[in-house]
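Me: I would like to go through one protein model and ask how its labels are justified. Please keep to the definitions.

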Amino acid sequence: MDEHRIGLKPIRRSMWAPTGQPLTCPVAPGYEWLYVYAFVNPESGESLFWLIPVVNKQAYAAVMAAFAQKVGAGADHRVLVVQDGAGFHVPPDDGHPEGIQTVTLPPYSPELQPAERLWELTDVPIANRAFKSIKEVEAALSDRCVWLEGQPDLVTRHTLFHWWPLLAN
């Protein structure tokens with residue numbers, strides 16, 4: 001599980017251009033943000049995305065509860081969530097939803113987080129583009145996230161590290 005900040009400030013990437021042709025990238029920076037919360041099972045490629053306007057403890061708790069419900073976590077179905085040590089990754093007073101257990105990665109170790117590798121995939125429709133409003137960004141991003149949820153092979157190729165412990169069932 002991880003989250004990614006997207007906004008009106010453009011994401012720039014390298015791109016191909018015909019030889020001798022000038023390459024331009026539109027830029028119209030703004031300072032409005034949207035956050036993508038993502039869960040991924042690196043082995044199966046299953047992924048779930050939520051677009052949320054804020055990143056804080058309440059949003060984290062709400063997304064974690066929605067995730068638990070979506071995957072059927074409970075007393076008889078336990079789910080392990082690997083996450084970074086962000087300050088808002090704190091369970092509510094009554095704890096995480098039943099069936100959810102978390103493991104926190106060491107500080108400053110994004111290379112250990114499979115979900116970090118999702119951002120390269122989510123940013124495709126918004127890279128090198130300038131948007132007038134955060135609603136336009138949200139529309140492009142939501143379409144991409146829905147598409148990615150149906151592409152488990154692509155997601156696995158990006159998130160399954162050679163050292164990741166595979167399910168022994």
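**Helix α3 and the hollow spaces**

Reply: In α3, the buried residues are Ile134, Val137, Ala140, Leu141, Arg144, Cys145 and Leu148. The model is predicted, so local features need pLDDT of at least 70 and side-chain atom pairs count only at pLDDT 80 or more, while totals for chains, interfaces and linings use all residues. Residues are numbered from 1 along each chain as its sequence is written, and side-chain values use heavy atoms, with hydrogens and water left out.

Me: What makes Arg144 of α3 buried?

Reply: Buried means under 20% relative accessible area, exposed over 50%, and partly exposed in between (1.4 Å probe, protein chains only). Arg144 is listed as buried, so its value is under 20%.

Me: How do you know that the buried residues are on the same side of α3?

Reply: They cover an arc of only 135 degrees around the axis, which puts them on the same side of α3. The arc is that of the directions from the helix axis to the C-beta atoms. An α-helix has 3.6 residues a turn, so residues three or four places apart point the same way. The face turned away from the buried side carries the exposed residues Lys135, Asp143 and Val146.

Me: Why is α3 called a helix, and how does its span agree with the expected one?

Reply: Helices are DSSP runs (H or I, at least four residues), numbered from the N terminus, and strands are runs of E with at least two. α3 has 16 residues, 134-149. The expected span is 1.5 Å times one less than the number of residues, which gives 22 Å for α3; its end C-alpha atoms are 22 Å apart, so the two agree.

Me: What makes one space a cavity and another a pocket?

Reply: On a 1 Å grid over the protein atoms alone, a cavity is a set of points where a 1.4 Å probe fits but cannot get out; a pocket is an open set with protein on both sides within 12 Å along at least five of seven lines. Lining residues have an atom within 4 Å of a point. The structure holds one cavity of 30 Å³ or more. The largest cavity has a volume of about 50 Å³, and its lining includes Val137, one of the buried residues of α3.

Me: Which residues lie nearest the centre of the largest pocket?

Reply: Val40, Asn41, Pro42, Val79 and Leu80, out of 30 lining residues. β4 gives the most to this lining, with four residues.

Notes: Points joined across faces, edges and corners; volume = space filled by probe spheres on them.
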